[in-house]
Amino acid sequence: MTAPLVEVEGLEKRFELRRAAGLRRVRRELQAVAGVSFAIARGETLGLVGESGCGKSTTGRLLLRLLAPSSGVIRFDGREIQHLSERELRPLRRRMGIVFQDPWSALDPRMTIEEIVTEPLVVHGVGDRASRRRRAAALLERVGLARIHADRYPHEFSGGQRQRIGIARALALEPEFLVCDEPVSALDVSIRAQILNLLLDLQRELGLCCLFISHDLGVVRYVSDRVAVMYLGKIVEIAPTARLYGRPLHPYTQALLSAVPIPRPGRRPRILLEGDPPSPLAPPPGCRFHTRCPRAFAPCAHIEPELVEVAPGHRVACHLHTPARATGGAA
Amino acid sequence: MRTETPILAVRGLTTELATEIGWCRVVDDVSFVLYPGEVLGLVGESGCGKTMTALSILGLVPQPQARVTAGEVLFEGRDLLRLPERELRRVRGKEIAMIFQEPMTSLNPVFTVGDQIAETLRVHEGLSRRAARARALELLRLVGIPAPEERLDCYPHELSGGMRQRVTIAMALSCSPKVLLADEPTTALDVTIQAQILDLLERLQAELGLAVILITHDLGVVAEFARRVLVMYAGRIVEEGPVADIFAEPLHPYTQGLLASLPDPRAEIVRLEPIPGNVPVPGEIRRGCRFAPRCRFARSGCRDADPPLFRRDARAVACIRSPLAGAPGPGAEAAEATAPVMP
């Protein structure tokens with residue numbers, strides 16, 4: 001593996017919630033990301049899956065430093081960026097991009113498509129007006145829109161076309177790292193496949209390093225080289241795509257995969273998890289999944305399992321696959 | 001062909017929506033039947049008219065911006081479209097119930113869930129306050145809500161999304177309806193919670209012998225839950241048939257395209273084959289087959305007239321290229337004479 005472009009170690013993010021309780025103000029802490037470590041190589045796509053509230057979007061925003069971490073290390077191209085100020089981050093921002101989920105709210109309705117796509121160039125003072133206009137035309141064509149669309153406004157476009165515009169904008173500065181946060185979740189099935197193919201082609205063509213965040217296991221399988229599964233702020237399993245889908249080891253990954261209805265008729269065994277995910281305001285002790293785990297046993301309620309490598313590139317945080325230890329050591 | 005009597009028969013249902021360019025048909029001459037105790041999937045993308053079809057059946061289309069302009073909906077010998085509002089109200093909830101994607105659509109935030117279920121029972125079944133509460137408790141237990149005694153006095157916001165959907169299912173089932181219209185009942189839920197709710201619906205459907213119309217955009221949900229399926233596109237039914245047949249051998253190019261667009265988590269897919277173009281918006285629909293502008297098999301005949309549903313046995317497809325239409329399709333044998341079934 002080449003040197004990673006993006007790397008995080010022990011990444012944590014806590015949000016403080018204030019709430020009035022009678023006359024007192026109560027402070028509570030929501031731990032959205034609870035100690036996450038992984039690396040993404042140049043040209044590689046890491047898929048990040050999990051259900052709502054698991055911390056996957058927060059992780060994406062931390063990597064781009066749109067949020068500041070509570071603790072942990074974020075490295076971009078070898079440089080630690082967790083403490084950098086907005087000013088210091090600015091030259092690095094050119095090298096990063098993000099595609100959002102909702103193509104309806106991500107585009108300013110008062111700007112023309114050309115203004116939207118070239119805004120990052122203006123902000124970073126790249127090129128003159130004419131060269132930016134040429135760049136916009138080239139970007140629009142690359143994402144499957146026409147030059148004539150440049151002077152129109154977002155409301156004139158369908159959801160799929162707006163997502164193409166969002167992608168063009170994200171690529172305007174030729175970033176090396178792209179975070180895609182549920183980029184196809186709001187789109188219809190027939191349009192979703194178009195956008196997925198576009199993202200896949202661009203990723204390969206430009207050698208992009210991607211973090212692809214989604215709740216959809218089928219979508220993640222299609223675009224990712226490796227996949228990480230999150231549950232309540234932790235990565236519970238991470239492996240090369242074929243391995244994770246072919247031989248999932250964590251009971252949560254297994255349940256998640258078996259729960260997805262697949263477009264082939266017929267009965268198949270389903271692992272039904274009981275209850276709802278616990279609140280991230282009060283995560284369970286020990287393994288965070290033990291309250292819903294069909295295979296939980298004695299140590300799970302007390303000892304937090306470490307993420308340990310069980311096969312090359314395949315790491316899992318589960319006592320079924322690691323000898324339980326009373327004290328945590330480095331894995 | 002089934003010889004059973006359908007519990008619900010929809011014929012020529014047409015619903016229009018007011019748009020900037022005038023009235024547009026969003027449900028266009030839709031006909032189908034629902035048999036007792038069956039799960040019928042109604043699948044399609046946003047704006048295809050699937051929800052509007054359900055709302056039209058129950059006389060719930062938003063007025064004045066929408067109106068049902070033609071057709072009939074026969075339920076137990078009565079045409080629901082011509083029933084006075086007072087009688088229709090007795091059918092709604094009691095005989096035919098509906099659940100929605102967003103549970104808060106049918107829950108009132110200022111009443112406890114117990115009160116809301118009890119109210120339905122008191123209105124439709126004339127139960128006393130005490131009897132209604134006891135039945136509400138029973139219903140919460142039926143839909144698998146843990147500690148139902150405590151939940152009875154909860155407000156909707158105190159429950160999780162999955163629990164709320166269980167409450168709306170309890171409400172929908174409170175008067176023992178014969179038909180349940182479920183509009184994207186699991187779309188807003190996480191996948192592990194979706195599995196729980198689908199499992200619940202499946203169990204209740206079998207136990208109570210409910211006939212269910214399951215409206216969804218998710219072909220996976222249809223494949224696992226429904227026995228028969230209707231595929232809608234731009235206001236029309238384009239394909240109909242048993243789930244197993246449609247997934248094994250889709251006949252309409254739209255159905256084929258949808259299936260080729262799906263990233264399956266259980267299979268290694270090298271390349272998805274998307275349907276080109278965009279989902280049409282109401283008013284954009286032109287003459288001829290509605291799918292023709294996006295169809296890679298389209299030929300001149302496709303743009304001349306809107307194809308009827310060609311029917312053979314349990315299957316039907318609205319495509320002139322289909323073997324059912326008597327024309328040779330891709331890899332199909334010569335078809336026997338089939339007559340289009342049109343009013």
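Chain B's secondary structure comes to ten helices and twelve strands, where helices (H or I, at least four residues) and strands (E, at least two) are DSSP runs numbered from the N terminus. This is a predicted model, in which local features need pLDDT of at least 70, side-chain atom pairs count only at pLDDT 80 or more, and totals for chains, interfaces and linings use all residues. Residues are numbered from 1 along each chain as its sequence is written, chains are lettered from A and ligands numbered from 1 in the order in which they are written, and side-chain values use heavy atoms, with hydrogens and water left out.

**Exercise 1.** Work out what span helix α7 (residues 191-208) of chain B should have, and check it against the model.

*Solution.* Step one: the rule is 1.5 Å times one less than the number of residues. Step two: α7(B) has 18 residues, so it should span 26 Å. Step three: its end C-alpha atoms lie 25 Å apart, which agrees. Just after the helix comes B:G209, with a positive phi near 65°.

**Exercise 2.** Decide whether α7(B) is largely enclosed or not.

*Solution.* Start with the cut-offs: buried means under 20% relative accessible area, exposed over 50%, and partly exposed in between (1.4 Å probe, protein chains only). Now count: 13 of the 18 residues are buried, so the rest of the structure largely encloses this helix. For chain B as a whole, buried residues make up 54% of its 343 residues.

**Exercise 3.** Find the edge strands of the open sheet β2-β1-β4-β5 in chain B.

*Solution.* First, the pairing rule: two strands pair if DSSP finds at least two bridges between them. Next, the layout: this sheet has four strands with antiparallel pairing. β2 (22-34) and β5 (78-79) each have a single partner strand, so they stand at the edges, with one side lacking a neighbour in the sheet. Zoom in on β1 (residues 8-19) and β2(B): they pair over nine bridges, and B:A18 has B:W23 in β2(B) as its bridge partner.

**Exercise 4.** Check the radius of gyration of chain B against that of a compact globule.

*Solution.* The radius is taken over C-alpha atoms, and the globule rule is 2.2 Å times the number of residues to the power 0.38. With 343 residues, that gives a value near 20 Å; chain B has 21 Å, which agrees. Along its principal axes, the C-alpha trace of chain B spans about 65 × 50 × 45 Å.
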